[in-house]
Amino acid sequence: MDTNLPVSGNPRVVIIGCGFGGLRLAKALRKAPVQVVVIDRNNYHNFQPLLYQVATGALEADSIAYPIRKIFAGQKNFFYRMADVHRVEPTTNTVVTSVGDIRYDYLVLATGSLTNFFGLESIERNAMQIKSIPNALNLRSFIFQNFEKALLTENPEEKQALLNIVVVGGGPTGVEISGSLAEMRKHVLPKDYPELDLRAMQIFLVEAGPALLGPMSPASQADAKRYLDELGVKIMLNTSIKNFENCRAYYSDTEYIPTENLVWAAGVNGAEVPGLPAEAVARNKRISVNRWNQVPGLANVFAIGDVANMVTDDMPRGLPMLAPVAQQQADHLADNLQRLLRGETPKDFVYNNKGAMAIVSRNKAVVDLPKNIHFNGFFGWFTWLFVHLMTLVGFRNKVVAFVDWAFSYFSSDQALRLIIRPFSRRDVKDDKGKKSAEHRTATAEYNPTPPAIQTPVGS
């Protein structure tokens, strides 16, 4: 039943997911009198904040991933199973997985988040996303494949659609990938594609709200917009992409941006696990928790990180879906689990907001710290680099990332423009023969003659 897990006299803590929260919790329990079992479909921890750099060729995938078993080598109470989780069964304290059932004494859901397409089927079917390493590698291949196609086509409208890139979502991910693409257009692509007139390439950043970096300070919002304007990114605020098909990203019934490359970074849902009571699942599919990160009505089930919806007086819509929240909740839950084992009352979680930051391009970043401290430019950029470098898992990854960043900084180049595995949006199937949501990205064949009522932008 327990997938060959050893029988232990200590309580078993099963953690679903090895992202920032799951990883931190498993480490924090290394000396606790428990058996720690981590379940994840991947055998590596993925540093999501740098996925966009993999997508744009600034870093290789193995620079931001680290094997789970290697992370926990030497932790005697740790066990890992590579599996998909089908559901949980709280009545029997069981997790049903693709490799068998796993019993638990305490269950922690640290499943993170999934892309939220807001019910827009054409976008879910056709857009690219960057929530995983396969996503990032697919996006990198797809962009460079389209540049190769642009060299061959004689149709000016098709060429424009192949060159244009639309990023939807003005949060940190959208701002960072837009800035990275703009730098690539300026410094890298002219060397690789001298035959193309890259002045025609346009990068659009589309945001439904009135400002970029909505949760950050007005100063950071203004600085980020100014930096992107300087880089030539076309920013469209108070605008929503409503449909994406036939190489057109529609922002109204008649107006569209011609593009084959749409990157969706507009929102996320919690990655809920089937089997929980319906009343436990809050908006955006996040799981409601109390101040102990405990799922109401389930004394031995907890949730941390992006999937956990902890409402406080200061955060009536729930704590933000950020790595520091997940890590602080993990440390706090590790302490509370040991309190429960000793028969003590758990303590309430209090989030310590240490600030937020976003990078736009080389020497250009914005940083907000508590007490309304804000700075930008080179110092903000250096702070961003230092924090992310120190947060990467593994000494090798830190060294490789540092060397790659130093090379890019002094050479204004990115060496990883590789199409290792050509990506076709139309070929990806799941095990049931349907297109997989994780890689699903096909647009219809290009139609070179749009109806007369349609008004393209940027052509």
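Trainee: What makes β22 and β23 a hairpin, and which residue in the turn has a positive phi?

Mentor: In this predicted model, β22 and β23 form a hairpin with two residues between them. Asn 363 in the turn has a positive phi of about 70°.

Trainee: How do you know that β22 and β23 pair?

Mentor: Two strands pair if DSSP finds at least two bridges between them. Strand β22 (residues 356–361) and strand β23 (residues 364–369) have five bridges, in the antiparallel sense, so they count as paired. Met 357, for instance, stands opposite Val 367 in β23.

Trainee: Why are β23 and β24 called paired?

Mentor: The cut-off is at least two bridges. Between β23 and strand β24 (residues 373–376) there are four, again antiparallel, and therefore the two strands pair. Leu 369 has Ile 373 in β24 as its bridge partner. These strands also form a hairpin, with three residues between them. Lys 371 in that turn has a positive phi of about 65°.

Trainee: What makes a set of residues a nonpolar core?

Mentor: Its members are buried residues of certain types, such as Val, Leu, Ile and Phe, joined through side-chain atoms within 4.5 Å. The largest such core here has 63 residues, of which Ile 64, Phe 147 and Leu 228 touch the most other members. Helix α5 (residues 133–152) gives the largest share, nine residues.

Trainee: Why is Val 88 called buried?

Mentor: Val 88 belongs to a second, separate core of 28 residues. Core members are buried by definition, so Val 88 has under 20% relative accessible area.

Trainee: How many residues does the protein have, and what share is buried?

Mentor: Of its 459 residues, 53% are buried.

Key:
Residues numbered from 1 in each chain as written. Predicted model: local features only at pLDDT ≥ 70, side-chain atom pairs only at ≥ 80, totals over all residues. Heavy atoms only, no water. Buried < 20%, exposed > 50% of the residue type's maximum accessible area, 1.4 Å probe, protein only.
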